[in-house]
Amino acid sequence: MTGNKRQDLLDRMKNVHKTIEQGRQSRTGEASVVRAAVRKQPSFDQLAEYKQVVVQKMAGEQLGMANPFYRAHEAASGAYAVIGGKSYDNFASYDYLGLNKHPAVLAGAEEALAQFGVSASASRLVAGERTIHVALEQALAQNYESEAAVCFVSGYLTNVAAIGCIMGPRDLVLHDEFIHNSALSGIKLSGANRRFFKHNDMADLERLLRTLGSDYERILVVAEGIYSMDGDIADLPGLVRLKQEFNFWLMMDEAHSLGVLGDTGRGIFEHFGVSPSEVDIWMGTLSKTTCSCGGYIAGSEALIMLLKAQAGGFVYSVGLAPVLAASAMASLSVLKDEPARVHALRRNSQTFLEYAKERGLDTGLSQGYSVVPVIVADSLRAVQLSNELFDAGVNVLPIIHPAVPEGLARLRFFITSSHSEEQIRRAVDLTADILAKLKERNFGIGSAKVMQVLARLAQA
């Protein structure tokens, strides 16, 4: 392009931008406004949100409570973890089937590293497509007996990008009240109208469908296979029955149920004996059973083509690292070849749940499939319980406000196929004993000592 032609193109682009800006100002009246005052931008340490974090940190320090989060692990973590040079019984790992160091998974990763290097180095649309991506997506589609699948570089991004792509302001999303934050973010991005139905309450969902169903162009219903905070299972047969009557799209989040539910771990459809074709959108993550990182959508060829062409989280993101794709694919192969791991996970989860109930612990809604919460109500008590368990050699993390409402704080135990019965019973016994002592001391937000500390911080 000659210099004159290049300058002419730049001038035309500037004129178009100027015309658009003038039109915007004429619509908003900004053209006639002269702003004499210079606004002041706050620094980050002046933000109310930051100050809240600081107050929480100071409260913990004044109460002598260590921060249980962000402890650095020094080796691969599964049923055991190495932290600060010490081994812990670990109940904070998504490695449900103990595949993180499985020889076949490591071999698949090593082979991919040798062939492809570490990174895809570009978005798949541009030049980041690798044969291992295609193979992984075919394996995922095969699991769900669907026409196609697509992988994203983040599980969180998968929900955000997929929902944001297919839904819009004239549409309606109905979701379980306990749905993951990533789905909520996707709904917000889409601009769709949103209503929640009571947790696993098909009558409440039916009421919403009868009331609102005729008002919207598209309707999407979102639920989780296993709910990650509570450990219970979605009523898939009930959802399918309503789908057949009201004709909406059904999206199931399988993040915590692939490899966990069903006799061979294929997911919630196998658990209930429901045809996978009854679900329009299968979503899941690659960071749990498949020992990798990223997320996926499986469904019709049309859905996958649409996401690959228009979902921003796919189009504008680098391709999944080949080594991660290979690790996930190898994990799916092990899942198919070694169903005994699924059975061991179920046995361990049921053992934990039943023994926790025997010891009088509140396990909430958990049905004993990989996730078992122990609800302690009080956020400070949950943190202290976690810390004292850590001192006793058990690593389990608290879930506190605002992740859950105050009054529903808990420890969340992730069970794996690799845990021993001895580990499980020791963890339950320690939890019950320490919690009983904390209750005797009335340790928590309502105690006099805590109230005094919070009062001092409020005045500071």
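Author: Two strands pair if DSSP finds at least two bridges between them. The model discussed here is predicted.

Reader: Which residue in E13 stands opposite Pro-373?

Author: Strand E10, residues 371-377, is joined to strand E13, residues 409-414, by six bridges. That count meets the minimum of two bridges, so the strands are a pair, and they run antiparallel. The residue of E13 that stands opposite Pro-373 is Arg-412.

Reader: Is strand E10 largely enclosed by the rest of the structure or largely open, and how many of its seven residues are buried?

Author: A residue counts as buried when its relative accessible area is under 20%. Ala-377, which lies in E10, has a value of 32% and is therefore partly exposed. The strand is still largely enclosed by the rest of the structure, because the number of its seven residues that are buried is six.

Reader: What is the phi of Ala-377?

Author: Ala-377 belongs to strand E10. Although Ala-377 is not a glycine, its phi is positive, at about 75 degrees.

Reader: In what order do the seven strands of the open sheet stand?

Author: The pairing in this sheet is mixed. Its edge strands, each pairing on one side only, are E3 (148-152) and E5 (193-197). From one strand to the next the twist averages 20 degrees. Read across, the order is E3-E9-E8-E7-E6-E4-E5.

Reader: Which residue in E7 is the bridge partner of Leu-220?

Author: Strand E6 covers residues 219-224 and strand E7 residues 249-253. The two run parallel, with five bridges between them. The bridge partner of Leu-220 in E7 is Trp-249.

Reader: Do the end C-alpha atoms of helix H3 agree or disagree with the span its residues should have, and how far apart are they?

Author: H3 takes in residues 103-116, which is 14 residues. The expected span is 1.5 Å times one less than the number of residues, so H3 should span 20 Å. The end C-alpha atoms agree with this, standing apart by 20 Å.

Reader: How wide an arc do the buried residues of H3 cover around the axis?

Author: The buried residues in H3 are Val-105, Gly-108, Ala-109, Ala-112 and Phe-116. They lie on the same side of H3, because the arc they cover around the axis is only 95 degrees.

Reader: Which helices are included in what covers the buried residues of H3?

Author: H3 has an exposed side as well, with Pro-103, Glu-110, Glu-111 and Ala-114. The buried residues are covered by elements including H5 (131-143) and H13 (322-337).

Reader: Is the aromatic pair of Phe-91 and Phe-352 tilted or stacked?

Author: Phe-91 sits in the loop between strand E2 (86-90) and H3, and Phe-352 in helix H14 (residues 340-358), 261 residues apart. The ring centres are 6.0 Å apart, with 50 degrees between the planes. Planes under 30 degrees apart count as stacked and over 60 as edge-to-face, so this pair falls among the rest and is tilted.

Reader: How many residues apart are Phe-91 and Phe-413?

Author: These two form an edge-to-face pair, 5.7 Å centre to centre and 70 degrees between the planes. Phe-91 is buried at 0% relative accessible area, and Phe-413 counts as buried at 0% too. Phe-413 is in strand E13, and its separation from Phe-91 along the chain is 322 residues.

Reader: Which peptide bond is cis, with omega near 10 degrees?

Author: One of its residues, Pro-402, is found in the loop between strand E12 (397-399) and E13. The cis bond runs from His-401 to Pro-402.

Technical notes:
Residues numbered from 1 in each chain as written. Predicted model: local features only at pLDDT ≥ 70, side-chain atom pairs only at ≥ 80, totals over all residues. Heavy atoms only, no water. Helix = DSSP H or I, 4+ residues; strand = E, 2+ residues; numbered from the N terminus. Axes fitted to C-alpha atoms, helices over the stretch in contact; angles between N-to-C directions. Buried < 20%, exposed > 50% of the residue type's maximum accessible area, 1.4 Å probe, protein only. Arc of directions from axis to C-beta. Contact = heavy atoms within 4.5 Å. Phe/Tyr/Trp six-rings, centres within 6.5 Å; stacked < 30°, edge-to-face > 60°.
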